[in-house]
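Hi,

Here is the structure I promised to pass on. Have a look at it first, and then my notes are below.

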Amino acid sequence: MKIDVLSLFPDMFSGVFGESILKKATEKQAVQFNVVNFREYAANKHLTVDDYPYGGGAGMVLKAQPIFDAVAALTAQTESVKPRIILLCPQGDRYTQKRAEELAQEEHLIFICGHYEGYDERIREHLVTDEISIGDYVLTGGELGAMVVIDSVVRLLPDVLGNAESHMKDSFSTGMLEHPHYTRPADFRGMMVPEVLMSGNHKHIEEWRTKEALRRTLLRRPDLFEEVELTKEQEKWLVDIKKEYE
Ligand code: ADE
């Protein structure tokens, strides 16, 4: 996958792309990152990328021209592949694991990160394919949002995580929150690991994990049950778990 990022602060990305799983993903050639300072595309002699809003008011607006030209330069080399052009902004669709899974199928993603009051509306209307918000709060710019989206997409690419199965049971990818995990020692200062996990009985362990995922989802994010399709057996377990809290 090719990932281009348009940002006025490209150095913000070096730590995130240069460590841990994203670094490994680059080394394995699962992903190719390219961060572009779109000020390089500003067509005026002072290299300004923002301007006053028509109609007046506080704050500056990111100009259309540098963004359109930067995207045109990035897509000129790969005309056959239609990239997803993603604008990070608080007004975008709320980001979810489902969207991460969908973006992970693409060959080319371009992220546009702004730092001003707003983007010229023509960027939204005529250039971008997706507007994404990472949550209902306002960041100083789109960079942190882009990092969140990129991290969650790249870890889904084939061969990026060591064990091919290791994201299959992530929280949200099953539609529910994940079950609890334990590692050695079995007795840590009197706090014990549940017996069943040490029983070696895989059927019982699976059943315990599913029930605990149901319990955790019920207690923390019951709204997720509106979307997820439970098996008959899981529905019965959920009824039993609910009874424990009556
Ligand atoms: N830019 C500013 N706030 C944002 C948010 N919540 N998500 C994505 N990009 C943003």
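What percentage of the 246 residues in the protein chain is buried? Buried residues make up 41% of them, where buried means under 20% relative accessible area, exposed means over 50% and partly exposed is in between (1.4 Å probe, protein chains only).

Before the rest, some housekeeping. This is a predicted model, in which local features need pLDDT of at least 70 and side-chain atom pairs count only at pLDDT 80 or more, while totals for chains, interfaces and linings use all residues. Residues are numbered from 1 along each chain as its sequence is written, and side-chain values use heavy atoms, with hydrogens and water left out.

**Overall layout**

The protein chain has eight helices and 10 strands; these are DSSP runs numbered from the N terminus, helices being H or I with at least four residues and strands E with at least two. The domain assignment splits off domain 1 (2-154) and domain 2 (187-243), with bounds that come from an automatic or database assignment. The centres of the two, taken over C-alpha atoms, are 39 Å apart.

The radius of gyration of the protein chain is 23 Å, whereas a compact globule of 246 residues would be near 18 Å. That radius is taken over C-alpha atoms, and the globule rule is 2.2 Å times the number of residues to the power 0.38. Along the principal axes, the C-alpha atoms fill a box of roughly 70 × 40 × 40 Å. About 15,000 Å² of the protein chain is exposed, with carbon and sulfur atoms supplying 51% of that; the areas come from the Shrake-Rupley method with a 1.4 Å probe, and for residues only the protein chains shown count as cover.

As for contacts (heavy atoms within 4.5 Å), take those between residues at least 6 apart in sequence: 73% of them join residues at least 24 apart.

**The cores**

The largest nonpolar core has 29 residues, and Ile3, Phe111, Ile150, Val153 and Val154 have the most contacts inside it. By nonpolar core I mean a set of buried Ala, Val, Leu, Ile, Met, Phe, Trp, Tyr and Cys residues joined through side-chain atoms within 4.5 Å. Two or more residues each come from β1 (2-6), α1 (12-17), α2 (20-27), β5 (84-94), α4 (97-103), β6 (108-112) and α6 (143-154). Helix α6 gives the largest share, six residues.

Phe111 is a good place to start looking. Leaving aside neighbours within four places in sequence, Phe111 touches Ile3, Asp4, Val5, Leu6, Ile86, Leu88, Ala146, Val149 and Ile150. There is also a second, separate core of 21 residues, with Phe38, Val49, Leu87 and Ile110 among them.

**Cysteines**

Zero disulfides turn up in a search of the whole structure, a disulfide being a pair of cysteine sulfur atoms within 2.5 Å. Why is Cys89 not bonded to Cys113? Because the sulfur of Cys113, the closest cysteine sulfur to that of Cys89, is 11 Å away, too far for a bond. Cys89 is buried, at 6% relative accessible area, and Cys113 is buried too, at 1%.

**Backbone oddities**

Most residues other than glycine have a negative phi, and most peptide bonds are trans. These are the places to check against that:

- Arg184 and Pro185 are joined by a cis peptide bond, with omega about 5°; Pro185 sits in the loop between α6 and β9.
- Leu47 has a positive phi of about 55°. Leu47 lies in the loop between β2 (32-36) and β3 (50-51) and is partly exposed, at 38% relative accessibility.
- Arg189 has a positive phi of about 50°. Arg189 is in the loop between β9 and β10 (191-192) and counts as exposed, at 74%.

**Two more residues**

Ser171 is in the loop between α6 and β9 (187-188) and is partly exposed, at 23% relative accessibility. Apart from neighbours within four places in sequence, Ser171 contacts Met176, Leu177 and Glu178. Ser171 and His204 are 33 residues apart in sequence and 21 Å apart, C-alpha to C-alpha.

Glu235 lies in helix α8 (residues 232-244) and is partly exposed, at 38%. Between Glu235 and Leu214, 21 residues apart in sequence, the C-alpha to C-alpha distance is 9.3 Å.

Cheers
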